[in-house]
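Welcome! Please take a moment to look over the sequence and the 3D view before reading on.

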Amino acid sequence: MKNLIFIFLSLVLISPLSYADKPHGPKATEVTINVGTSDGAMKFVPETLTFERGTYYKLVINNPSADEHYFTSDAFATHIFTRKVEVMDANGKTVAEIHGAINDMELKPGTSVEWFFFPMTNGNNLKLFCHKKGHEEQGMVGNINIVGDL
Ligand SMILES: [Cu+2]
């Protein structure tokens, strides 16, 4: 009986704590986008991202190019709840975790970040762009959709 009570208490009290303590948190659906390409094309790959409400996402943003690029979307930030952004070093190890509302980030050549968020409200054709001088005009523009039942 003591064992049963212990197991019960473990489930009720300890699980939520260990859940929160997991190094990578709840399981996220992974989506990847590249800012620029290794051969120097001025574009996002893919150019369109679609997220579903009710799903927890990990958006991996890579810069495989030799240039600095921005991942900027003012509208996107108003439709999601950001849990955290993790900044990776060259070996893919997290070197910084950033919290709070985020709408703009610059990625140096060869870097990656992981953006963990929940889509909160539907959005259609939310503008994604790179505001490095001249990049948007050369094609660094895309869009983001957030879908789900109303
Ligand atoms: Cu750019």
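In which strand is Leu-49 found? Leu-49 belongs to strand 3. We will come back to this residue below, after a look at the chain as a whole. Please keep in mind that this is a predicted model.

## The chain at a glance

The protein chain has two helices and 11 strands. If you follow the sequence from start to end, these elements come in the pattern α-β-β-β-β-β-α-β-β-β-β-β-β.

Of the 150 residues in the protein chain, 20% are buried. Contacts across the sequence are a clear theme here: among contacts with a separation of 6 or more, 75% link residues that are 24 or more positions apart.

## The six-stranded sheet

Let us turn to a sheet. Six strands form an open sheet in the order 2-1-4-9-6-7, and their pairing is mixed. Strand 2 (44-45) and strand 7 (94-98) lie at the edges with a single partner strand each, so one side of each has no neighbour in the sheet.

Strand 1 covers residues 29-35 and runs parallel to strand 4, with six bridges joining the two. Within this pair, Thr-32 sits opposite Val-60 of strand 4. Strand 1 is also joined to strand 2, this time in the antiparallel sense and by two bridges. Here Asn-34 has Val-45 in strand 2 as its bridge partner.

At the other edge, strand 6 (residues 80-88) pairs with strand 7 over four bridges, and this pairing is antiparallel. Glu-86 is found opposite Glu-97 of strand 7.

## The largest nonpolar core

How many residues does the largest nonpolar core have? There are 19 residues in this core, and Val-35, Ile-61, Leu-107 and Trp-115 have the most contacts inside it. Two or more residues each come from strand 3 (48-52), strand 4 (57-62), strand 9 (112-119) and strand 11 (141-147). Strand 9 gives the largest share, with three residues.

Ile-61 is a good residue to pick out in the view. Leaving out residues up to four places away in sequence, Ile-61 touches Ile-33, Val-35, Phe-71, Leu-107, Ser-112, Val-113 and Trp-115.

## Leu-49 up close

Now back to the residue from the opening question. Is Leu-49 buried or exposed? Leu-49 counts as buried because 20 C-beta neighbours lie inside 10 Å, and a residue needs 20 or more to be called buried.

Beyond its neighbours within four places in sequence, Leu-49 is in contact with Val-31, Ile-33 and Ile-144. Asn-125 is 76 residues away from Leu-49 along the chain, yet their C-alpha atoms are separated by 9.4 Å.

## Cys-130 in its loop

Where is Cys-130 found? Cys-130 lies in the loop between strand 10 (123-129) and strand 11. Cys-130 is buried, because 26 other C-beta atoms are within 10 Å.

Which residues does Cys-130 touch, not counting those up to four places away in sequence? The list is Val-35, His-69, Tyr-70, Thr-72, His-135, Glu-136 and Met-140. Glu-68 and Cys-130 are 62 residues apart along the chain, and 9.6 Å separates their C-alpha atoms.

Definitions and conventions: Residues numbered from 1 in each chain as written. Predicted model: local features only at pLDDT ≥ 70, side-chain atom pairs only at ≥ 80, totals over all residues. Core = buried A, V, L, I, M, F, W, Y, C linked by C-beta atoms within 7 Å. Buried ≥ 20, exposed ≤ 12 C-beta atoms within 10 Å, placed from the backbone. Contact = placed C-beta atoms within 7 Å. Pairing = 2+ DSSP bridges.
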